[in-house]
Amino acid sequence: MNAVVLLGPPGAGKGTVAEVLVGKGYKHVSTGDLLREQIRQETALGIEAKVLMDQGKFVPDDVVVGMIRELFGAGKPGDKFLFDGFPRTLVQAEKLDELIGSLNGNLDEVVLLECPADAIVERLSGRRSCPECKTVYHVTFNPPKEAGVCDVDGTELIRRDDDNPETIRQRLTVYAEQTAPLITYYEAKDLVHPIDATQSIEQVRAAVLEKLG
Ligand code: AP5
Ligand code: MG
């Protein structure tokens, strides 16, 4: 198996970029989407996670690592995983290395989406997403054909509970404290490929495809 990590602050465009890579044979793994699915199904894990996610705090490492371990357990040798929002702490990064090593797999690339905080607030304030297929839109930058409705499956679009100004600020703080150190961790392994995520959606997707497609 091979893996690629999409790294970057909340709202940098990880999910938006991932959408085009799925067509290139990658299995998109967003721990945020997996957790929101648990919330939707009202599982014990989901109920616990929601409290933390609504405050912009991280879910415990063992919970997310457990989800990834389960996924790898059901995987096949030729799988290409695209991780979005995982790993987010040094502990998670070390666990990912261990898990990949135990499968004789390889972490090929860490794509770093660089985006300043002011752009992030604008992006997250206008984001809408499909609760069914998880497609991501923006009221101005990437609107659906019909306002409020998913192009793919016609489901009514929703705003995420954590996309309010206070929680966005908290998420940015937690990113700076706990996730940004992963840049140094992966630079030491010579894996980081930075991309200017302030460009248009098309330009960012093209830059990522050029690297990974
Ligand atoms: P998660 O769902 O991963 O959220 P996040 O990291 O905060 O990132 P987002 O999904 O908000 O942003 P994105 O980078 O995917 O941007 P998007 O493409 O949507 O995690 C949520 C929570 O779950 C965490 O806070 C935590 O509590 C928990 N969690 C998840 N994983 C965890 C882990 N590993 N460990 C512990 N806890 C975990 O784009 C954003 C908007 O911008 C959209 O509207 C889009 O249309 C627009 N846009 C995108 N690109 C562009 C562009 N180039 N130009 C203009 N607009 C753009
Ligand atoms: Mg996302």
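R205 sits in helix α9 of this predicted model. With a relative accessibility of 18%, R205 counts as buried, because the cut-off for burial is under 20%. What does R205 touch, beyond its neighbours within four places in sequence? The contacts are T16, V17, E19 and V20. One of these residues also offers a polar partner. A polar atom of the R205 side chain lies 3.0 Å from the backbone oxygen of T16.

Now take the helix around R205. Helix α9 covers residues 201-212. Its 12 residues, at 1.5 Å each, should span 16 Å, and the end C-alpha atoms are indeed 16 Å apart, so expectation and model agree. Which residues of α9 are buried? They are V204, R205, V208 and L212. These buried residues cover an arc of only 95 degrees around the axis, which means they sit on the same side of α9. The general geometry helps here. An α-helix has 3.6 residues a turn, so residues three or four places apart point the same way. The buried residues of α9 pack against β1 (2-7), α1 (14-22), β4 (106-114) and β7 (192-196). The face turned away from this buried side carries E202 and E210, which are exposed.

Helix α7 can be read in the same manner. It runs over residues 165-179. For 15 residues at 1.5 Å each, the span should be 21 Å; the end C-alpha atoms are 20 Å apart, which agrees. The buried residues of α7 are T167, I168, R171, L172, V174, Y175 and T179. Seen down the axis, they fall within an arc of 165 degrees, so they line one face of α7. Their packing partners are β1, α3 (44-54), β4, α6 (117-125), β5 (127-129) and α8 (181-187). Both β1 and β4 thus appear in the packing of α9 and in that of α7. On the face of α7 turned away from the buried side are the exposed residues P165, E166, R169 and E177.

R171 leads on to the charged pairs. Side chains of opposite charge can pair when their charged atoms come close. R171 forms a salt bridge with D162, with 3.7 Å between the closest N and O atoms. Are these two residues buried or exposed? Both D162 and R171 are buried. The pair also belongs to a network of salt bridges that links R127, R160, D162, D163 and R171.

How many salt bridges are there? The count comes to 14. Among them is the pair of K134 and E37, whose closest N and O atoms are 2.6 Å apart. K134 lies in the loop between β5 and β6 (136-138), and E37 in helix α2 (residues 31-40), so this bridge ties together parts that are 97 residues apart in sequence. K134 is partly exposed, with a relative accessible area of 25%. E37 is partly exposed too, at 22%.

Another salt bridge joins the side chains of K50 and D161, at 2.8 Å from N to O. This pair links distant parts of the chain: K50 is in helix α3, D161 in the loop between β6 and α7, and they are 111 residues apart. K50 is partly exposed, with a relative accessible area of 27%. D161, at 51%, is exposed, because the cut-off for that class is over 50%.

Key. Residues are numbered from 1 along each chain as its sequence is written. Chains are lettered from A and ligands numbered from 1 in the order in which they are written. This is a predicted model: local features need pLDDT of at least 70, side-chain atom pairs count only at pLDDT 80 or more; totals for chains, interfaces and linings use all residues. Side-chain values use heavy atoms; hydrogens and water are left out. Helices (H or I, at least four residues) and strands (E, at least two) are DSSP runs, numbered from the N terminus. The expected span of a helix is 1.5 Å times one less than its number of residues. Buried means under 20% relative accessible area, exposed over 50%, partly exposed in between (1.4 Å probe, protein chains only). The arc is that of the directions from the helix axis to the C-beta atoms. Contact means heavy atoms within 4.5 Å. A polar contact is a pair of N or O atoms within 3.5 Å; within protein, one must be able to donate a hydrogen and the other to accept it, and residues adjacent in sequence count only if both atoms are side-chain atoms. A salt bridge is a side-chain nitrogen of Lys or Arg within 4 Å of a carboxyl oxygen of Asp or Glu.
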